[in-house]
Amino acid sequence: MDDHAEIVELEQPEYVTRVAAIDIAKASGMVCTRLPAEANPARRVQKTWATPATTEAITALGDHLVCQGVELVVMEATGNYWRPFFYLLEDRGLRVWLVNPRDVKNVPSRPKTDKLDAVWLAKLAERGMLRASFVPPAPVRALRDLTRLRRSLTEDRTRYRQRVGDELQDACLKIADKNDGITDLFGVTGRAILDAMIAGERNPATLAELARGRLKNKKAYLRKALTGRFTDHHGRIIARLLALHDRLDEEISSLNIDIEAAIAALDPTPPADDDHRDRKPLLDRLDEIPGVSREIAADILGETGFDMSIFPTPGHLASWAKTTPRTIQSGATNSHGDTGKGNRWIKGPLGQAAVAAGTTKTFLGARYRRIIKHAPKKKAVVAVSRNILEIAWHLIGDPDTTFTDLGPDWHTRHLDTARKTRQHIRQLEHLGYNVTLTTTTA
């Protein structure tokens, strides 16, 4: 890299004349405005005051800022306390930015007070030194609430399932074994056995006869595994856990219907016509990505929204989701840092999709298996997660784009001849041979 190269910046920094900043707490907010002086517009008049975090007070604050001609309101993302200020001020027609606390840290050796934090935030906004965090529009926020609630309920349901397994272990029953026993304890056979034990059945042979499907071949193992010390106490606890599990199952099924309806209402994909007979809804096209189910596709849409113009490139979307390792350069040393914490509501589903894609005979599956040969599985999960999100960026941004798998042999077909030659020479040299290349003609 040439250290003396000239860089011409086409973008000029945005200096905002009339700004307001809010340092937000749970029950109040510290407001700071910086406005031009009437006598000398080159000077700034700074005013700070505290306001309660109630709807009436925030609405009055919005009216005051509108009367003052404030062009930009900046606030720090503090838990969920920023939401009333953001939503109500946005409803008043103000341009509101939510910024990352990491980007607005105060300079060292200065007192840490709400007033000074608000002043510092206003000065940064005034000089155009901040970037707005992504806040989706209201319809997408409603969809996101539904998808996040479904994921939370799914996690709770999983905890109840684990608790049922713990109770069976306490009763010395080994039926939930991945190799020889019931792989899905909440399938047809598993629920039949659990319901029979709750009803009072204790005979292992009778319980084993409840096996269905391929589990009929495991009756001998089930008779041994169902021999234990299951008591009425275990039955009462499991009955309560199953009741809670089934209630969550019903709520999740109801949420699935609401989420699909919300996505259908927000889907920007035009209906199929004579020129595009094969055009599919967005959720169906995302479902075609290996490892991505309809639930995971809905989770992605709930977090990213339907407008990909916010993310100029797929790399911007991947960077926002923290699926891109950071570059760390110091002197002559170049290394990669971790991806960062990111948004767990999108990184979790993407990780599940990446692991599921790793078991398929597709391009993503081959990529996953190639990476785990020389790197930890976590790196393979992050890499494939990024690929899935980049594919989703293209599918969401273009309604006429469909997913086409490159095939599991894509890497093999696209290895250049020089690279193959180097690999074979290196392998022969490791075996003790001296290799001399001779070009032959066809």
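Trainee: Where does Thr-362 sit?
Mentor: Helices here are DSSP runs of H or I with at least four residues, strands are E runs of at least two, and both are numbered from the N terminus. By that count, the place of Thr-362 is in the loop between α12 and α13.

Trainee: What kind of model is this?
Mentor: Residues are numbered from 1 along each chain as its sequence is written, and side-chain values use heavy atoms, with hydrogens and water left out. Local features need pLDDT of at least 70, side-chain atom pairs count only at pLDDT 80 or more, and totals for chains, interfaces and linings use all residues; the model is predicted.

Trainee: Is Thr-362 buried or exposed?
Mentor: Buried means under 20% relative accessible area, exposed over 50%, partly exposed in between (1.4 Å probe, protein chains only). Contact means heavy atoms within 4.5 Å. Beyond four places in sequence, Thr-362 touches Pro-290, Ala-357, Arg-369, Asp-405, Gly-407 and Pro-408. Its relative accessible area is 12%, so Thr-362 is buried.

Trainee: How far apart are the end C-alpha atoms of α12?
Mentor: Helix α12 covers residues 344-357, 14 residues in all. The expected span is 1.5 Å times one less than the number of residues. That gives 20 Å, and the model agrees, with its end C-alpha atoms apart by 19 Å.

Trainee: Which backbone nitrogen does Asn-343 reach at the start of α12?
Mentor: The reaching atom is a side-chain oxygen of Asn-343. It comes to within 3.0 Å of the backbone nitrogen of Trp-345.

Trainee: What is the relative accessible area of Ile-346?
Mentor: Ile-346 lies in helix α12. Not counting residues up to four places away in sequence, Ile-346 touches Glu-303, Thr-304, Trp-320, Ala-321 and Leu-389. Ile-346 is buried, because its relative accessible area is 0%.

Trainee: Which helix gives the most to the largest nonpolar core?
Mentor: A nonpolar core is a set of buried Ala, Val, Leu, Ile, Met, Phe, Trp, Tyr and Cys residues joined through side-chain atoms within 4.5 Å. The largest has 41 residues, and Ile-263, Leu-286, Ile-289, Leu-301 and Ile-388 have the most contacts inside it. Helices that each supply at least two residues include α4, α8 (232-266) and α12. The top contributor, with 10 residues, is α14.

Trainee: Which strands stand at the edges of the 5-stranded sheet?
Mentor: Two strands pair if DSSP finds at least two bridges between them. This open sheet has the order β3-β2-β1-β4-β5, with mixed pairing. Each edge strand has a single partner, so one side of each is left without a neighbour in the sheet: these are β3 (44-52) and β5 (96-99).

Trainee: What is the bridge partner of Leu-35 in β3?
Mentor: Strand β2 (residues 28-36) pairs with β3 in the antiparallel sense, over 9 bridges. Within β3, the partner of Leu-35 is Val-45.

Trainee: At what angle does α1 run to β3?
Mentor: Axes are lines fitted to C-alpha atoms, for helices over the stretch in contact, and angles run from 0 to 180 degrees between N-to-C directions. Helix α1 (residues 55-67) lies across β1 (19-24), β2, β3 and β4 (72-76). Its angle to β3 is about 165°.

Trainee: Which residue in the turn between β6 and β7 has a positive phi?
Mentor: Strands β6 (residues 327-330) and β7 (residues 333-336) run antiparallel, joined by 4 bridges. They form a hairpin with 2 residues between them. The residue with a positive phi, about 65°, is Gly-331.

How values were computed: Polar contact = N/O pair within 3.5 Å; in protein donor to acceptor, adjacent residues only side chain to side chain.
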